[in-house]
Amino acid sequence: MPTFAESSVPVDKERVFNRRFLIMTDHYMVEPTACSPAAGWEKGQVEQQVQTIRGRFFQPRLRFASLAELNGWLEAECRRWAEHHAHPERGDITVAEALDMERPALQPILAPFDGFHESEHAVTGTCLISFDRNRYSVMSTAARRTVQVRSYADRIVIRCGDAIVGEHERHFGRNRTIYDPWHYLPVLAHKPGALRNGAPFQDWDLPPALHRLRRRLGTGDEADRRFVRVLSAVLTDGLEPVEAAVREALANGTASDELILNILSRRREPATPHSIVTSEDRMLQHPPLADCARYDLLRGYDAAA
């Protein structure tokens with residue numbers, strides 16, 4: 001989540017806010033108002049509201065499989081509570097009815113705020129970064145370089161310059177190594193044997209077509225080399241075209257890397273446009289003239305001979 005700490009606290013209500021915090025307030029068109037120094041009751045009002053929400057919705061303590069599941073449940077509970085409780089200032093209507101009355105005056109949110117905290121990290125020679133007590137893989141092109149990690153509540157996005165070199169679900173444990181095998185594909189092209197022994201490729205959940213191809217090719221160094229040749233085509237052609245070529249080859253009863261690469265090569269060639277021949281195209285530019293006198297000219301030449 002973004003860091004919203006204040007960088008300067010004068011004695012009055014003036015503040016120098018964190019830059020990311022000001023970007024968020026500008027996005028939602030909100031003017032921030034800071035608490036007064038040594039006025040604990042102002043901060044206490046916010047804390048009391050948080051305690052009220054905890055007691056209202058989170059007792060007893062519940063467990064959820066993901067933040068998305070938690071947010072969906074919390075939204076439903078807030079709507080249910082608003083429909084069954086009266087407005088604190090107008091007892092004749094519910095909170096939900098008051099919201100419906102105010103809704104025409106509200107401005108729509110065009111896009112959610114991209115709330116992240118960014119930090120720089122060094123990539124190791126094994127294409128890993130250390131972040132929040134865990135290790136995450138990045139594309140091999142970023143090895144031994146400095147990358148920027150944008151951390152969200154549920155994921156991290158790793159950038160090297162303007163390019164995204166990694167994206168992972170965020171883990172909150174410690175001492176875990178999270179691999180994306182596709183990050184190591186260029187390395188695998190030079191070391192096919194790593195397909196069986198390399199840590200990133202253990203329990204690799206391949207797409208169905210590629211999984212069937214690997215099973216058909218069998219095991220051994222030669223089978224690994226042929227399968228890696230097909231995988232390497234993903235770098236230039238993309239995953240979906242490679243899957244389609246593999247499905248076509250398997251449908252023909254052939255598990256051949258040469259055939260799959262040939263199919264990809266044919267699909268890369270632009271289609272030859274078919275020209276339409278019309279009657280106007282068949283017309284001669286210089287149509288012949290019917291002139292029988294030409295034969296008389298030939299007779300004259302023979303007579304002269």
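This briefing walks through a predicted model, from the whole chain down to a sheet, one of its residues and a group of aromatic rings. The chain has 305 residues, and 28% of them are buried. Its secondary structure consists of 12 helices and 7 strands. Four of the strands come together in an open sheet, and that sheet takes up much of what follows.

**The chain as a whole**

- The accessible surface adds up to about 21,800 Å², and carbon and sulfur atoms contribute 54% of that area.
- Among contacts with a separation of 6 or more, 47% are between residues 24 or more positions apart.

**The sheet and its order**

- The open sheet has 4 strands in the order β1-β4-β5-β6, with antiparallel pairing.
- At its edges lie β1 and β6, each of which pairs on one side only.
- Ignoring direction, neighbouring strands of this sheet are turned by 25° against each other on average.
- As general background, strands of a sheet pair through backbone hydrogen bonds, either parallel or antiparallel.

**Walking across the sheet, pair by pair**

- Starting from the β1 edge, β1 and β4 are joined by 6 bridges and run antiparallel. One place to look is E118, whose bridge partner in β4 is R150.
- Next come β4, which covers residues 146-151, and β5, an antiparallel pair with 4 bridges. Here Q148 stands opposite R159 of β5. A hairpin of 3 residues makes the connection from β4 to β5.
- The last pair is β5 with β6, where β6 spans residues 163-169 and 6 bridges hold the antiparallel arrangement. Within this pair, V157 has E167 of β6 as its bridge partner.
- β5 and β6 also form a hairpin, this time with 2 residues between the strands. In that turn, G161 has a positive phi of about 70°.

**A covered strand**

- β5 takes in residues 155-160 and is mostly covered, with 5 of its 6 residues buried.
- When you look along any strand like this, it helps to know that side chains in a regular strand alternate between the two faces of the sheet.

**A closer look at H121**

- H121 belongs to strand β1, which runs over residues 117-122.
- Is H121 buried or exposed? H121 has a relative accessible area of 18%, so this residue counts as buried, the cut-off being under 20%.
- The H121 side chain comes to 3.0 Å from the backbone oxygen of S130.
- Apart from neighbours within four places in sequence, H121 is in contact with I129, S130, F131, R145, T146, V147 and V149. S130 therefore appears both in this contact list and as the residue whose backbone oxygen the side chain reaches.

**Aromatic rings**

- Across the whole structure, a search finds 10 aromatic pairs.
- One of these involves Y179 and Y184, with ring centres 6.0 Å apart. Because their planes meet at 65°, over the limit of 60 degrees, this pair is edge-to-face.
- The two tyrosines differ in cover: Y179 is partly exposed at 32% relative accessible area, whereas Y184 is buried at 8%.
- F201 and W204 make a tilted pair, with 5.6 Å from centre to centre and 45° between the planes.
- Both of these residues are buried, F201 at 7% relative accessibility and W204 at 12%.
- Which residues do ring pairs link into a cluster? They are Y179, W182, Y184, F201 and W204.

**Where to start looking**

- For the sheet, begin at β1 and move through β4 and β5 to β6.
- For one residue in its setting, find H121 in β1 and follow its side chain to the backbone oxygen of S130.
- For the rings, pick out the cluster that includes W182, then compare the edge-to-face pair of Y179 and Y184 with the tilted pair of F201 and W204.

Notes. Residues numbered from 1 in each chain as written. Predicted model: local features only at pLDDT ≥ 70, side-chain atom pairs only at ≥ 80, totals over all residues. Heavy atoms only, no water. Buried < 20%, exposed > 50% of the residue type's maximum accessible area, 1.4 Å probe, protein only. Pairing = 2+ DSSP bridges. Polar contact = N/O pair within 3.5 Å; in protein donor to acceptor, adjacent residues only side chain to side chain. Contact = heavy atoms within 4.5 Å. Axes fitted to C-alpha atoms, helices over the stretch in contact; angles between N-to-C directions. Areas by Shrake-Rupley, 256 points an atom, 1.4 Å probe, with all protein chains shown as cover. Phe/Tyr/Trp six-rings, centres within 6.5 Å; stacked < 30°, edge-to-face > 60°.
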